[in-house]
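Here's a quick tour of one protein model, written for someone who likes to check distances and angles. Have the viewer open while you read.

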Amino acid sequence: MTFYQRRRLLGLAGTLSLTSALMAASFDGQAAASTTSNFALPPTPYTTTTNSSSTKLLWSELAVNSTDAWERLRGGFAWQGEWQRQAGEQRVRYWINRYLESPRNIAAISERAKPWLGWIIQRVEARGLPSEIALLPFVESAFDPNAQSHMGAAGLWQIMPRTGDALGLQRSRNWDGRLDVVNSTRAALDYIELQAEQWYEGDLELSLAAYNAGAGTVNKARRAASGHGKGDSYWDLSLPSETMDYVPKLLAITAIINDPDKYGITLPEINAAPTFASVRVTTPLTLDMAARHLGIGPQQLAELNPGLKGDTAHPRHVRELQVPIDRQPRLVAALNQQSAPASFNNSDSIHVVQHGDTLSQIASRHAISPIDLARWNGIRHSDALQPGQQLTMSE
């Protein structure tokens with residue numbers, strides 16, 4: 001099943017640079033993750049910090065009228081008629097049976113996908129990719145954005161640190177772009193498309209195998225297969241056991257979701273329209289205050305922004321916050337008010353610049369170094385301070 005996708009607008013030099021970085025990362029990147037073989041089957045081999053009860057409370061409060069996400073997903077499936085005619089049919093059916101051993105687990109993971117699935121489907125559709133790709137987090141992380149593997153892979157898409165670095169997912173004490181659903185989804189889809197175009201003439205099955213095992217491992221297996229007179233499609237290759245199961249698992253869960261009645265599975269209702277929207281972060285903003293403007297709890301807001309490690313979103317690390325879509329105008333209006341900055345000064349970690357304030361005075365008032373204060377806030381010139389500007393008092 002070959003889907004030759006359009007070239008990404010990276011430019012030749014940028015593409016070559018990114019490809020080189022990803023090839024270097026693949027030596028300890030996705031190839032080293034080794035986390036997906038049992039993700040969708042209990043017990044799950046990753047650490048989860050999601051509070052399912054509070055997540056359910058948040059999303060049950062959102063009344064978003066839209067079409068059904070499962071129907072929209074099925075409308076974009078492209079591989080359902082193909083896997084049954086391929087050499088891997090028995091491998092897919094094996095995983096269908098394995099998944100059906102734990103029908104409650106399928107329902108639980110589907111429930112956990114509620115905040116994200118509609119938005120991910122739209123992103124996959126926008127790229128002209130088969131909708132099956134939207135279910136890859138089912139295999140990778142059981143749709144838990146806080147999933148962590150013992151090898152260091154993280155997030156819905158289980159991206160390894162070096163791979164994340166190559167894909168532009170920033171990491172710091174306060175932020176991990178691999179955990180942020182918006183940024184990691186963009187990066188994961190870029191990675192899958194780029195590898196399909198660069199190495200496999202648009203063959204997404206091979207690209208998915210490379211996403212799991214690394215392009216070096218897949219390319220070596222293809223050379224070995226050709227050397228033995230075999231084909232070089234995904235189904236012809238001898239790969240690590242996890243990678244041998246990777247595409248069959250995706251096709252298996254897709255087959256179940258494509259016809260849940262046939263398999264006796266009840267799926268939760270999920271709206272196809274995204275349930276969250278972005279608000280640009282231009283000054284340091286505490287989750288407590290943002291949540292107060294939105295009329296929700298800080299924990300609910302934190303669950304929408306799993307990449308944020310602390311309680312303050314700083315524009316040096318966080319370009320935007322994800323908020324419930326029906327409450328986005330509240331926060332936007334509050335941030336647009338000229339007097340809004342003063343209302344955010346409810347934490348010792350934030351200082352709102354007043355007329356006459358200098359960098360040295362502010363630093364002295366908070367018992368910190370002016371150099372550190374300037375570095376934390378990206379200030380290059382001490383006379384650049386503006387009244388109403390919010391400064392963070394910690395890294």
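What follows covers a helix, the nonpolar cores, the aromatic pairs and one short strand.

## Ground rules

Keep in mind that this is a predicted model.

## Helix H10

Let's start with H10, which runs over residues 181-199. With 19 residues at 1.5 Å each, the helix should span 27 Å, and its end C-alpha atoms are indeed 27 Å apart, so expectation and model agree. Of those 19 residues, 15 are buried, which means H10 is largely enclosed by the rest of the structure.

The ends are worth a look too. Asp180 caps the N-terminal end, with a side-chain oxygen 3.4 Å from the backbone nitrogen of Val182. After the helix comes Glu201, which has a positive phi, near 50°.

## Nonpolar cores

The largest nonpolar core has 72 residues. Ile120, Trp157, Leu208 and Tyr211 are the ones with the most contacts inside it. Helix H13 (residues 241-258) supplies the largest share of this core, at 9 residues. Apart from it lies another core, of 16 residues, including Leu287, Ile296, Leu308 and Leu321.

To see how Ile120 is packed, pick out what it touches beyond four places in sequence: Ala134, Phe143, Leu156, Trp157 and Thr185.

## Aromatic pairs

How many aromatic pairs does a search of the whole structure find? It turns up 7. One of them is Tyr94 with Trp95, an edge-to-face pair at 5.5 Å centre to centre and 85° between the planes. The two partners are not equally accessible: Tyr94 is partly exposed at 43% relative accessible area, whereas Trp95 is buried at 3%. Then there's Trp119 with Phe276: ring centres 5.7 Å apart and planes at 45°, so this pair counts as tilted. It links distant parts of the chain, since Trp119 is in helix H7 (residues 114-126) and Phe276 in strand S1 (residues 276-280), 157 residues apart. Both are buried: Trp119 has a relative accessible area of 11%, and Phe276 comes in at 5%.

Back at Trp95, there's a bit more going on. Tyr94, Trp95, Tyr99 and Phe138 make up one aromatic cluster. Over the ring of Trp95 sits the charged end of Lys249, 4.8 Å from the ring centre.

## Strand S6

Last stop: Gln390, which belongs to strand S6 (residues 390-392). Is Gln390 buried or exposed? Its relative accessibility is 6%, so it counts as buried. Measure from Gln390 to Asn377, C-alpha to C-alpha, and you should get 9.0 Å, with their positions 13 residues apart in sequence.

Note on methods
Residues are numbered from 1 along each chain as its sequence is written. This is a predicted model: local features need pLDDT of at least 70, side-chain atom pairs count only at pLDDT 80 or more; totals for chains, interfaces and linings use all residues. Side-chain values use heavy atoms; hydrogens and water are left out. Helices (H or I, at least four residues) and strands (E, at least two) are DSSP runs, numbered from the N terminus. The expected span of a helix is 1.5 Å times one less than its number of residues. Buried means under 20% relative accessible area, exposed over 50%, partly exposed in between (1.4 Å probe, protein chains only). A polar contact is a pair of N or O atoms within 3.5 Å; within protein, one must be able to donate a hydrogen and the other to accept it, and residues adjacent in sequence count only if both atoms are side-chain atoms. A nonpolar core is a set of buried Ala, Val, Leu, Ile, Met, Phe, Trp, Tyr and Cys residues joined through side-chain atoms within 4.5 Å. Contact means heavy atoms within 4.5 Å. Rings of Phe, Tyr and Trp (its six-membered ring) pair if their centres lie within 6.5 Å; planes under 30 degrees apart count as stacked, over 60 as edge-to-face and the rest as tilted. A charge sits over a ring if NZ of Lys or CZ of Arg is within 6 Å of the ring centre and within 35 degrees of the ring normal.
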